Amino acid sequence: MAVKIAPSLLSADFARIADEVARVTAGGADWLHLDVMDGHFVPNLTFGPALVKAVRQVTKLPLDVHLMIERPADFIVPFARAGADYLTVHVEAQGDLARVLADIRSLGVHPAISINPPTPLEAVEPYLSLADMVLVMSVNPGFSGQGFIHEVLPKVSALAARSRRFVIEIDGGINADTAAAAAAAGAEVLVAGSAVFGAPDPAAAIAAIRARGDAARR
């Protein structure tokens with residue numbers, strides 16, 4: 001299976017968001033990743049459903065909406081209505097996460113669960129049968145441009161070794177140098193922010209990440 005590349009719009013120029021989406025779409029992006037931060041779960045604040053809706057209006061690519069928010073149950077409906085294809089909630093968040101994942105599926109959206117670097121893999125065990133994707137964070141969430149935490153790779157390998165129905169995604173510090181290790185461990189969707197949007201040629205950056213990832217998965 002070839003890796004999928006999901007550029008993270010957190011690193012895009014929000015004043016030119018439609019152009020940025022068009023630029024990475026033309027450059028070969030498979031998905032678009034949108035990081036929603038509430039200023040509580042993580043020490044940063046980004047955007048809400050209005051931006052997701054705006055992006056939905058200018059692309060047909062799958063929208064991978066990552067809810068780094070304290071109370072995801074309060075927000076899944078507006079983000080689903082805005083056009084999310086995947087909605088990811090954190091295992092470290094508050095609330096009945098099994099119910100949240102089931103509610104996401106009932107809205108016609110793929111439910112996903114995410115795990116932070118310090119959290120043991122056992123924390124996601126109760127939710128694996130409910131999720132269409134597991135997102136392994138390879139940085140501590142909250143800000144773009146951080147360095148890749150290699151210590152999370154055994155989590156990816158352990159997930160990949162399972163008999164499973166979920167996709168494995170990795171997010172944080174992904175570039176042409178780290179893509180190989182992530183993909184070799186079993187990651188199938190690679191989220192890349194500054195490595196794509198900060199590159200002089202985003203298409204070349206996407207191609208380089210894909211090539212390293214695909215080579216590692218052979």
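This presentation walks through the nonpolar cores, helix packing, salt bridges and aromatic pairs of one predicted model.

Two conventions come before the details. Residues are numbered from 1 along each chain as its sequence is written, and side-chain values use heavy atoms, with hydrogens and water left out. Because the model is predicted, local features need pLDDT of at least 70 and side-chain atom pairs count only at pLDDT 80 or more, while totals for chains, interfaces and linings use all residues.

Let me start with the interior. The largest nonpolar core comprises 68 residues. By nonpolar core I mean a set of buried Ala, Val, Leu, Ile, Met, Phe, Trp, Tyr and Cys residues joined through side-chain atoms within 4.5 Å. Buried stands for under 20% relative accessible area, exposed for over 50%, and partly exposed for what lies in between, with a 1.4 Å probe and protein chains only. Which residues have the most contacts inside this core? They are V55, V65, L67, L87, I113, I170 and L190. Taking L67 as an example, and leaving aside its neighbours within four places in sequence, we find contacts (heavy atoms within 4.5 Å) with V36, I76, F79, L87, T88, V89 and H90. Apart from the largest core lies another one, of seven residues, including W31, M133, V189 and V191.

Next, two helices. Helices (H or I, at least four residues) and strands (E, at least two) are DSSP runs, numbered from the N terminus. In α2, the buried residues are L51, V52 and V55. These three cover an arc of only 100 degrees around the axis, and therefore sit on the same side of α2; the arc is that of the directions from the helix axis to the C-beta atoms. Their packing partners are α1, β2, β3 (63-68) and α3 (76-82). V55 is thus both a buried residue of α2 and one of the residues with the most contacts in the largest core.

Helix α5, residues 153-160, has L153, K155, V156 and L159 buried. Here the arc is only 155 degrees, which again puts the buried residues on the same side of the helix. The buried residues of α5 pack against β5 (110-115), β6 (133-137), β7 (167-171) and α6 (179-185).

Between β6 and α5 there is a loop, and S138 is located in it. Is S138 buried or exposed? It is buried, with a relative accessible area of 0%. A polar atom of the S138 side chain lies 2.6 Å from the backbone oxygen of G172. Leaving aside neighbours within four places in sequence, S138 is in contact with G147, F148, I149, V152, I170, D171 and G172.

I turn now to charged pairs. Side chains of opposite charge can pair when their charged atoms come close. A search of the whole structure finds ten salt bridges, each defined as a side-chain nitrogen of Lys or Arg within 4 Å of a carboxyl oxygen of Asp or Glu. One of them joins R23 and E20, with the closest N and O atoms 2.6 Å apart. The two residues are three places apart in helix α1 (residues 17-26), so about one helical turn separates them. R23 is partly exposed at 31% relative accessibility, whereas E20 is buried at 3%.

A second salt bridge connects R210 with D30, at 2.8 Å from N to O. This pair links distant parts of the chain: R210 belongs to helix α8 (residues 202-217) and D30 to the loop between α1 and β2 (32-37), 180 residues apart. D30 is partly exposed, at 24% relative accessibility.

In a third, R99 meets D103, the closest N and O atoms being 3.4 Å apart. Both lie in helix α4 (residues 97-106), four residues apart, so that about one helical turn separates them. R99 is exposed at 53%, and D103 is partly exposed at 28%. Salt bridges that share partners also join R16, E20 and R23 into one network.

Finally, the aromatic rings. The structure holds two aromatic pairs. Rings of Phe, Tyr and Trp (its six-membered ring) pair if their centres lie within 6.5 Å; planes under 30 degrees apart count as stacked, over 60 as edge-to-face and the rest as tilted. The F14 and F47 rings have centres 5.7 Å apart and planes at 55 degrees, so this pair is tilted. F14 lies in the loop between β1 (4-7) and α1, F47 in the loop between β2 and α2 (49-56), 33 residues apart. The W31 and Y86 rings have centres 4.7 Å apart and planes at 25 degrees, so this pair is stacked. Both W31 and Y86 are buried.

Technical notes. Polar contact = N/O pair within 3.5 Å; in protein donor to acceptor, adjacent residues only side chain to side chain.
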